[in-house]
Amino acid sequence: MIVDRPAHDRLYLAIVDMDPSRVPMLRAPGGDDTDGRGLILVDVLADRWGYDLLGPARRPNRKRCWAEMKAAP
């Protein structure tokens, strides 16, 4: 996990995983689904979020999922 404060009132959180083929996408899980809600929480709490593919441009080998939000100074 990566935690940073790029400004006194901003918080940056990121994780890196080794599966660049599965990119984060918001979805609407059904009531009986046991997963699929994590990114909904990130979308609600963060001011912005996204992902970056890492490694060679033609063949990325991992991805970084990140979120940025306001923080108390």
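A salt bridge is a side-chain nitrogen of Lys or Arg within 4 Å of a carboxyl oxygen of Asp or Glu. The exercises below apply this and related criteria to a predicted model.

**Exercise 1. Decide whether Asp-17 and Lys-63 form or do not form a salt bridge, and state which parts of the chain they belong to.**

Step 1. The closest N and O atoms of Asp-17 and Lys-63 are 3.0 Å apart. The cut-off is 4 Å, and the pair forms a salt bridge.

Step 2. Asp-17 lies in strand E2 and Lys-63 in strand E4, so the bridge ties together parts 46 residues apart in sequence.

Step 3. For the surroundings, use the limits of under 20% for buried and over 50% for exposed, with partly exposed in between. Asp-17 has 27% relative accessibility and therefore counts as partly exposed. Lys-63 has 4% and therefore counts as buried.

**Exercise 2. Describe the salt bridge of Glu-68 and Arg-10, and find which network holds these residues.**

Step 1. Glu-68 and Arg-10 form a salt bridge in which the closest N and O atoms are 3.3 Å apart.

Step 2. This pair links distant parts of the chain: Glu-68 is in strand E4, Arg-10 is in strand E2, and 58 residues separate them.

Step 3. Both Glu-68 and Arg-10 are buried.

Step 4. A network of salt bridges links Arg-10 and Glu-68 with Asp-47 and Arg-48.

Step 5. The structure holds six salt bridges. The general principle is that side chains of opposite charge can pair when their charged atoms come close.

**Exercise 3. Classify the two partners of the salt bridge between Arg-27 and Asp-35 as buried, partly exposed or exposed.**

Step 1. The side chains of Arg-27 and Asp-35 meet at 3.4 Å, N to O.

Step 2. Arg-27 has 48% relative accessibility, so Arg-27 counts as partly exposed.

Step 3. Asp-35 has 47% relative accessibility, so Asp-35 counts as partly exposed too.

**Exercise 4. Give the volume and the lining of the largest pocket.**

Step 1. The space in the largest pocket is about 330 Å³.

Step 2. Its lining consists of 13 residues, and those nearest the centre are Arg-22, Val-23, Pro-24, Met-25 and Leu-39.

Step 3. Strand E2 (10–17), helix H1 and strand E4 (62–70) each give two or more residues to this lining.

Step 4. By class, the lining of the largest pocket has six nonpolar, two polar and five charged residues.

**Exercise 5. Repeat the analysis for the second largest pocket, then follow Cys-65 from its lining.**

Step 1. The second largest pocket has about 230 Å³ of space.

Step 2. Its lining has 16 residues, with Leu-13, Val-42, Cys-65, Trp-66 and Ala-67 nearest the centre.

Step 3. The elements giving two or more residues to this lining are E2, H1, strand E3 (48–54) and E4.

Step 4. The lining of the second largest pocket contains 15 nonpolar residues, one polar residue and no charged residues.

Step 5. Cys-65 belongs to strand E4. Its relative accessibility is 18%, so Cys-65 counts as buried.

Step 6. Cys-65 and Ala-14 are 51 residues apart in sequence, yet their C-alpha atoms are 5.5 Å apart.

Step 7. Cys-65 and Met-1 are 64 residues apart in sequence, with a C-alpha to C-alpha distance of 9.9 Å. Met-1 is in the segment before strand E1 (2–7). At 79% relative accessibility, Met-1 counts as exposed because the threshold is over 50%.

**Exercise 6. Identify which residues form the nonpolar surface patch, and place Leu-41 and Ile-40 in their setting.**

Step 1. The patch is formed by Leu-26, Ile-40, Leu-41, Val-44 and Leu-45, which together have about 500 Å² of accessible area.

Step 2. Leu-41 is part of helix H1 (residues 38–45). With 54% relative accessibility, Leu-41 counts as exposed.

Step 3. Ile-40 is 12 residues from Ala-28 in sequence, and their C-alpha atoms are 8.5 Å apart.

Step 4. Ala-28 sits in the loop between E2 and H1. Its relative accessibility is 77%, so Ala-28 counts as exposed.

Notes: Residues numbered from 1 in each chain as written. Predicted model: local features only at pLDDT ≥ 70, side-chain atom pairs only at ≥ 80, totals over all residues. Heavy atoms only, no water. Patch = residues over 30% accessible without salt bridge, like charges linked within 9 Å, V, L, I, M, F, W, Y side chains within 5 Å. Areas by Shrake-Rupley, 256 points an atom, 1.4 Å probe, with all protein chains shown as cover. Helix = DSSP H or I, 4+ residues; strand = E, 2+ residues; numbered from the N terminus. Buried < 20%, exposed > 50% of the residue type's maximum accessible area, 1.4 Å probe, protein only. 1 Å grid on protein atoms, 1.4 Å probe; cavity = no way out; pocket = protein on both sides within 12 Å on 5 of 7 lines; lining within 4 Å. Points joined across faces, edges and corners; volume = space filled by probe spheres on them. Nonpolar A, V, L, I, M, F, W, Y, C, P; charged D, E, K, R; others polar.
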